[in-house]
Amino acid sequence: MIEWVRQADNGNRPEPSAGATAVSVDGKLWVFGGNMSVDPDDQHLSHDLHVFDLETGFWTRCRTSPTQPCARAGHCMVAHGSSMYVLCGWTVNEDNRVLYLSDAFVHSSTTLLWSPIRASGT
């Protein structure tokens with residue numbers, strides 16, 4: 001039988017949210033984005049990236065970079081090597097209208113920098 005155990009944690013945890021994503025890279029859990037609001041008329045989306053060290057039980061909020069993805073929820077995130085890829089999702093404009101995204105970004109767990117992925121072809 002599988003038993004769930006709550007791990008003790010410290011540090012700067014992410015806020016509770018829906019539609020955030022998480023991947024494991026190099027023994028750490030990386031959590032990005034999400035919607036912190038339950039009010040459909042007042043969405044509060046995040047573009048924060050938090051990392052949880054599974055060995056020490058410590059959360060850290062990563063610094064931002066000028067090329068990071070906009071605040072979003074409902075996106076996909078996958079890990080490959082020491083990189084994380086964030087794809088699509090949705091955000092809201094200043095009128096709180098939902099906008100669906102078709103962009104892609106890569107984040108390096110070694111440099112802690114985001115870069116947009118420029119797609120080409122058909």
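1. Two strands count as paired if DSSP finds at least two bridges between them. Strands (E, at least two residues) and helices (H or I, at least four) are DSSP runs, numbered from the N terminus. On that basis E3 and E4 run antiparallel, joined by 7 bridges. In E4, Leu49 is the bridge partner of Phe32.

2. A word on the source. This is a predicted model, in which local features need pLDDT of at least 70 and side-chain atom pairs count only at pLDDT 80 or more, while totals for chains, interfaces and linings use all residues. Residues are numbered from 1 along each chain as its sequence is written, and side-chain values use heavy atoms, with hydrogens and water left out.

3. The open sheet. It has 5 strands, in the order E1-E5-E4-E3-E2, with mixed pairing. Strand E1 (10–11) and strand E2 (21–25) are the edge strands, each pairing on one side only. E2 pairs with E3 in the antiparallel sense, over 5 bridges. Within this pair, Ala22 stands opposite Val31 in E3.

4. Strand E4 deserves a look. Is E4 enclosed by the rest of the structure, or open? It is largely enclosed, because 7 of its 9 residues are buried. Buried means under 20% relative accessible area, exposed over 50%, and partly exposed in between (1.4 Å probe, protein chains only). E4 also runs antiparallel to strand E5 (residues 58–61), with 4 bridges between them. Asp53 has Phe58 as its bridge partner in E5. The two strands form a hairpin with 4 residues between them. Gly57, in the turn, has a positive phi of about 75°.

5. The nonpolar core. A nonpolar core is a set of buried Ala, Val, Leu, Ile, Met, Phe, Trp, Tyr and Cys residues joined through side-chain atoms within 4.5 Å. The largest one has 12 residues: Val23, Val25, Trp30, Phe32, Leu49, Val51, Cys62, Met77, Met84, Val86, Phe105 and Trp114. E2, E3, E4 and strand E7 (83–92) each supply at least two residues of this core. In soluble globular proteins, nonpolar side chains tend to be buried together.

6. Phe32 in detail. Which residues does Phe32 contact, leaving aside its neighbours within four places in sequence? Contact means heavy atoms within 4.5 Å. Among the partners of Phe32 are Leu49, Met77, Val86 and Trp114. These four also belong to the largest nonpolar core. Phe32 touches polar and charged side chains too, including Thr21, Asp48 and Arg72. Here Asp, Glu, Lys and Arg count as charged; Ala, Val, Leu, Ile, Met, Phe, Trp, Tyr, Cys and Pro as nonpolar; and the others, Gly among them, as polar.

7. The largest pocket. On a 1 Å grid over the protein atoms alone, a cavity is a set of points where a 1.4 Å probe fits but cannot get out; a pocket is an open set with protein on both sides within 12 Å along at least five of seven lines, and lining residues have an atom within 4 Å of a point. Grid points are joined across faces, edges and corners, and a volume is the space filled by probe spheres set on the points. The largest pocket holds about 370 Å³ of space. Its lining has 18 residues, and Arg13, Pro14, Glu15, Val31 and Trp59 lie nearest the centre. The lining divides into 8 nonpolar, 5 polar and 5 charged residues. Strand E3 (28–35) and strand E4 (45–53) each supply at least two of them. The largest share, 4 residues, comes from E4.

8. E6, E7 and E8. Strand E6 (residues 76–80) pairs with E7 in the antiparallel sense over 5 bridges. Cys76 stands opposite Leu87 in E7. E6 and E7 form a hairpin with 2 residues between them, and Gly81 in the turn has a positive phi of about 65°. E7 also runs antiparallel to strand E8 (residues 98–108), joined by 9 bridges. Val92 stands opposite Val98 in E8. The hairpin of E7 and E8 has 5 residues between the strands, and Asn96 there takes a positive phi near 65°.

9. Two backbone angles to check. Asp26 is not a glycine, yet has a positive phi of about 55°. Asp26 is in the loop between E2 and E3 and is exposed, with a relative accessible area of 58%. Cys88 has a positive phi near 60°. Cys88 lies in strand E7 and is partly exposed, at 35% relative accessible area.

10. Asp42. This residue is found in the loop between E3 and E4. Beyond its neighbours within four places in sequence, Asp42 is in contact with Ser37 and Asn96. Asp42 and Gly81 are 39 residues apart in sequence and 37 Å apart in space, C-alpha to C-alpha.
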